[in-house]
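Q: Let us go through this model and ask what each label rests on. Please show the structure, then take the labels one at a time.

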Amino acid sequence: MQKFTLGTANLGFDYGVMNSKTFNRSNSIAVLEAAVDKGIMTFDTAPGYGEAEVLLGEVIGNNEDQKVITKIPKLHKYDFEVIYSSIRQSIKRLAVNKLYGILFHDANAYAHSGMDRISKEILETGLVEKIGFSAYSEIDLIQSLEYCPSWTIFQLSENIADRQKRHSQQLEELANNGIAIYMRSVFLQGLLLATPNEVPTKFHEIADFNKIISKMANKYEITPRDLCLSYANNISWSSSTIIAAANTTQLLDNLNYRQIDLDFEALPTLSAEILDPRNWDKLL
């Protein structure tokens, strides 16, 4: 199960454009417990994910076998004390002794004056094993290492409708040198798993794409979920695929997906505007 990391954003509050259910604490606990029972060892969370850190702490406790990655929210000021305080608060909510990784949510945090020095000081506390940030582009990820060579963990968006990073030699080299790169947005907040009729009108480009992958899935007697995860888990530079589940059924569907090797290049890709959730509020 080492190829999967469970994302907890939708388990802490109402999250995602396809989320039709309100936050339910008992349901979230059930999903987390099922994930542990099925062997998931790594969890992705954040202070901004509602109750996610607290719920995760209740389920995994201080189990040193579990790896927790959390975030540093976007701040007006980045210095050791502010970042250290955020880490200590997360550790308390998670009921752990230390964190496997912290990621800056601010895409420009790496350019802050003295960030590499501050990062090294944080690592020296022993409270964090790895530091990095959640990137939207390969260019940003690589550029961040020029500013902060001490960073060794990243999240990067990639999915079957993007495919721009699939054969990246630079990412492959980083992975071979011990940089951990976690792939997120494999379902594009669930939009890639929706039927064309379920996709909100402003995402008509995604609805058209989903018709194509649905046709391909039917041809091979699999599901769009199988296609999305087969693509993600076939990328060698990825340390792990971040998945999400609204309930235990979805979790098991993810874990029991069918791996299939196909020529994904035969599929179209979505526009950069659609692939980046930061643009979605501007869509008509």
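Q: In this predicted model, how do you know that Glu 138 has no salt bridge?
A: The nearest side chain of opposite charge, Lys 165, is 6.9 Å away. A salt bridge needs the nitrogen within 4 Å of a carboxyl oxygen, so Glu 138 goes without one. Glu 138 is buried all the same. Glu 138 lies in helix α6, residues 138–147. Among the residues that Glu 138 touches are Leu 156, Lys 165 and Ser 168, leaving out those up to four places away in sequence.

Q: Why is Lys 165 called buried?
A: Its relative accessible area is 6%. Buried means under 20%, so Lys 165 qualifies. Lys 165 sits in the loop between β6 (153–157) and α7 (169–176).

Q: What makes Lys 165 and Asp 162 a salt bridge?
A: Their closest N and O atoms are 3.0 Å apart. The cut-off is 4 Å, so the pair counts. Asp 162 is buried because its relative accessibility, 8%, falls under 20%.

Q: Which backbone oxygen lies 2.7 Å from a polar atom of the Lys 165 side chain?
A: That oxygen belongs to Ser 157. Lys 165 also touches Tyr 136, Glu 158 and Trp 237, among others, not counting residues up to four places away in sequence.

Q: What makes β6 mostly covered?
A: Five of its five residues are buried. Both faces are covered. Ile 153, Gln 155 and Ser 157 are on one side, Phe 154 and Leu 156 on the other.

Q: How do you know that β5 and β6 pair?
A: Four bridges join strand β5 (residues 128–135) to β6. Pairing takes at least two bridges, so the two strands pair. They run parallel. Gly 132 has Ile 153 of β6 as its bridge partner.

Q: Why does Ser 90 count as buried?
A: Ser 90 has 1% relative accessibility. The limit is 20%, so Ser 90 counts as buried. Ser 90 is in helix α4, residues 80–94. Pro 47, Glu 53 and Thr 70 touch Ser 90, with residues up to four places away in sequence left out.

Q: What makes Asp 44 and Lys 71 a salt bridge?
A: The N to O distance is 2.7 Å. That is within 4 Å, so the pair is a salt bridge. The pair links distant parts of the chain, 27 residues apart: Asp 44 in strand β2 and Lys 71 in strand β3. Asp 44 and Lys 71 are both buried.

Q: Why are Lys 120 and Asp 116 separated by about one helical turn?
A: They are four residues apart in helix α5, residues 115–124. Their side chains meet in a salt bridge at 3.4 Å, N to O.

Q: Lys 120 and Asp 116: which is buried, and which is partly exposed?
A: Asp 116 has a relative accessible area of 13%, under 20%, so Asp 116 is buried. Lys 120 is at 43%, between 20% and 50%, so Lys 120 is partly exposed.

Q: Which residues have the most contacts inside the largest nonpolar core?
A: They are Leu 6, Ile 87, Phe 104, Trp 151 and Leu 227, in a core of 85 residues. Helix α8 (residues 204–219) gives this core its largest share, six residues. Another core lies apart from it, with seven residues, including Ile 69, Tyr 100 and Ile 153.

Definitions and conventions. Residues are numbered from 1 along each chain as its sequence is written. This is a predicted model: local features need pLDDT of at least 70, side-chain atom pairs count only at pLDDT 80 or more; totals for chains, interfaces and linings use all residues. Side-chain values use heavy atoms; hydrogens and water are left out. Buried means under 20% relative accessible area, exposed over 50%, partly exposed in between (1.4 Å probe, protein chains only). Lys and Arg count as positive and Asp and Glu as negative; His and the chain ends are not counted. Contact means heavy atoms within 4.5 Å. A polar contact is a pair of N or O atoms within 3.5 Å; within protein, one must be able to donate a hydrogen and the other to accept it, and residues adjacent in sequence count only if both atoms are side-chain atoms. A nonpolar core is a set of buried Ala, Val, Leu, Ile, Met, Phe, Trp, Tyr and Cys residues joined through side-chain atoms within 4.5 Å.
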